[in-house]
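The exercises below are to be worked with the sequence and the coordinates at hand. Each task is followed by a solution in steps.

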Amino acid sequence: AGMSSEYLEIRDLRVTFDGFKAVDGVNMTLMQGDLRFLIGPNGAGKTTLVDAITGLVPATGSVTKSGVELLGMKVHRIARLGVGRTFQTASVFEDLTVLQNLDIAAGAHRGPLTLLRRRKEVLPGIEEALEITGLGRHRDAKAGVLAHGQKQWLEIGMLLVQNSSVLLLDEPVAGMSSEEREETGNLLRRIGGERTVVVVEHDMDFMRAFATSVTVLHAGRVLSEGSVAEVQADPKVQEVYLGT
Ligand code: ADP
């Protein structure tokens, strides 16, 4: 794929809960290679926006991936089109090994495969995910014994083997040690490049270190967007964060 061929275009996205506008006309364009941080105060609509993109809540407007409209599609179809997400609490199968978790994720959208197809189409992706996430030497460990950070990386690996090209990560470094944060940032850089990564995050130091661009949500709308420096210098953002 050439540069900028894979992206997500969000137009006038709206989500309403009982008349309450949780997402109130959001426009966002995500280019291939973006490591976009989505920040904003509690209740700004960050999780709801991710839920709408991934089909978990009904929304109006438009969300297209490489020109294909996603709104109205079922969750699993959106995932199959390469838009994957993680949740704040890692949802790995604790009693299964790292390898088995990746295997299930890889097979989840393919149906039963012949051994030959499995060897040709699935295993290379699993090896790549092990390499990118640094979990190779834990491949035979039960996911349940992994450290908190490693479980998050496994979940990201599970998106990679599903060929997700847009990854939406909900507070991936919450509860992590500073070493784990650093490793997670490097992991996000490694998976960027040909993919698009959106990180919902509260950790401003983490954002400053790794974001290539930032969108600030406030009251369901985009308050500010740009580079880390641009967003930090925006008086509207300072007002929201310092509280007036
Ligand atoms: P953030 O992730 O930025 O903290 P959320 O997307 O979780 O914000 O929530 C945005 C607003 O929508 C909040 O006011 C929240 O209370 C409300 N909200 C979220 N989900 C629901 C729901 N299922 N029903 C009603 N209100 C909701």
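**Exercise 1.** Which residues does leucine 154 touch, not counting residues up to four places away in sequence?

Solution. The model is a predicted one.
Step 1. Locate the residue: leucine 154 sits in helix α5.
Step 2. Leave out residues up to four places away in sequence; leucine 154 then touches Val92, Val98, Asn101, Thr133, Leu135, Ala143 and Leu146.
Step 3. Take a C-alpha to C-alpha distance as well: leucine 154 and leucine 102 are 7.8 Å apart in space, with their positions 52 residues apart in sequence.

**Exercise 2.** Classify leucine 154, glutamate 121, asparagine 163 and alanine 219 by burial.

Solution.
Step 1. The cut-offs needed are these: a residue is buried if 20 or more other C-beta atoms lie within 10 Å of its own, exposed if 12 or fewer, and partly exposed in between.
Step 2. Leucine 154 has 25 C-beta neighbours inside 10 Å, so it counts as buried.
Step 3. Glutamate 121, in helix α4 (residues 115-133), has 13 such neighbours and therefore counts as partly exposed. Its C-alpha lies 9.5 Å from that of alanine 106, a residue 15 places away in sequence.
Step 4. Asparagine 163 has 15 C-beta neighbours inside 10 Å and is therefore partly exposed. Alanine 219 has 15 C-beta neighbours inside 10 Å, so it too is partly exposed.

**Exercise 3.** Describe the backbone at asparagine 163 and alanine 219, and place both residues in the chain.

Solution.
Step 1. Asparagine 163 has a positive phi of about 60°, although it is not a glycine.
Step 2. Asparagine 163 belongs to the loop that runs between α5 (148-161) and β7 (166-170).
Step 3. Alanine 219 is not a glycine either, and its phi is positive at about 50°.
Step 4. The loop between β9 (213-218) and β10 (221-226) holds alanine 219.

**Exercise 4.** How many residues of α5 are buried, and how do the axes of α5 and α6 cross?

Solution.
Step 1. Check the length: α5 has 14 residues and reaches 20 Å from its first C-alpha to its last, close to the 20 Å expected at 1.5 Å a residue.
Step 2. Count the burial: 13 of the 14 residues of α5 are buried, and the helix is mostly covered.
Step 3. Compare the axes: those of α5 and helix α6 (residues 178-191) come within 10 Å and cross at roughly 10°. Angles under 35 degrees count as roughly parallel, so α5 is roughly parallel to α6.
Step 4. List the contact: on the α5 side are Gly149, Gln152, Trp153, Ile156 and Leu160, and these meet Glu180, Glu183, Thr184, Leu187 and Ile191 of α6.
Step 5. Sort the contact residues by class: five are nonpolar, three polar and two charged.

**Exercise 5.** Which residues surround the ligand, and which element gives the most to the shell around the ligand?

Solution.
Step 1. Read off the shell: Phe17, Phe20, Ala22, Gly40, Asn42, Gly43, Ala44, Gly45, Lys46, Thr47 and Thr48 surround the ligand.
Step 2. Assign elements: β2 (20-30) and α1 (46-53) each supply at least two residues of this shell.
Step 3. Rank the elements: α1 gives the most, with three residues.
Step 4. Sort by class: the shell around the ligand has six polar, four nonpolar and one charged residues.

Notes
Residues numbered from 1 in each chain as written. Predicted model: local features only at pLDDT ≥ 70, side-chain atom pairs only at ≥ 80, totals over all residues. Helix = DSSP H or I, 4+ residues; strand = E, 2+ residues; numbered from the N terminus. Contact = placed C-beta atoms within 7 Å. Near = placed C-beta within 6 Å. Nonpolar A, V, L, I, M, F, W, Y, C, P; charged D, E, K, R; others polar. Expected span 1.5 Å × (residues − 1). Axes fitted to C-alpha atoms, helices over the stretch in contact; angles between N-to-C directions. Parallel < 35°, antiparallel > 145°, perpendicular 65-115°, else oblique.
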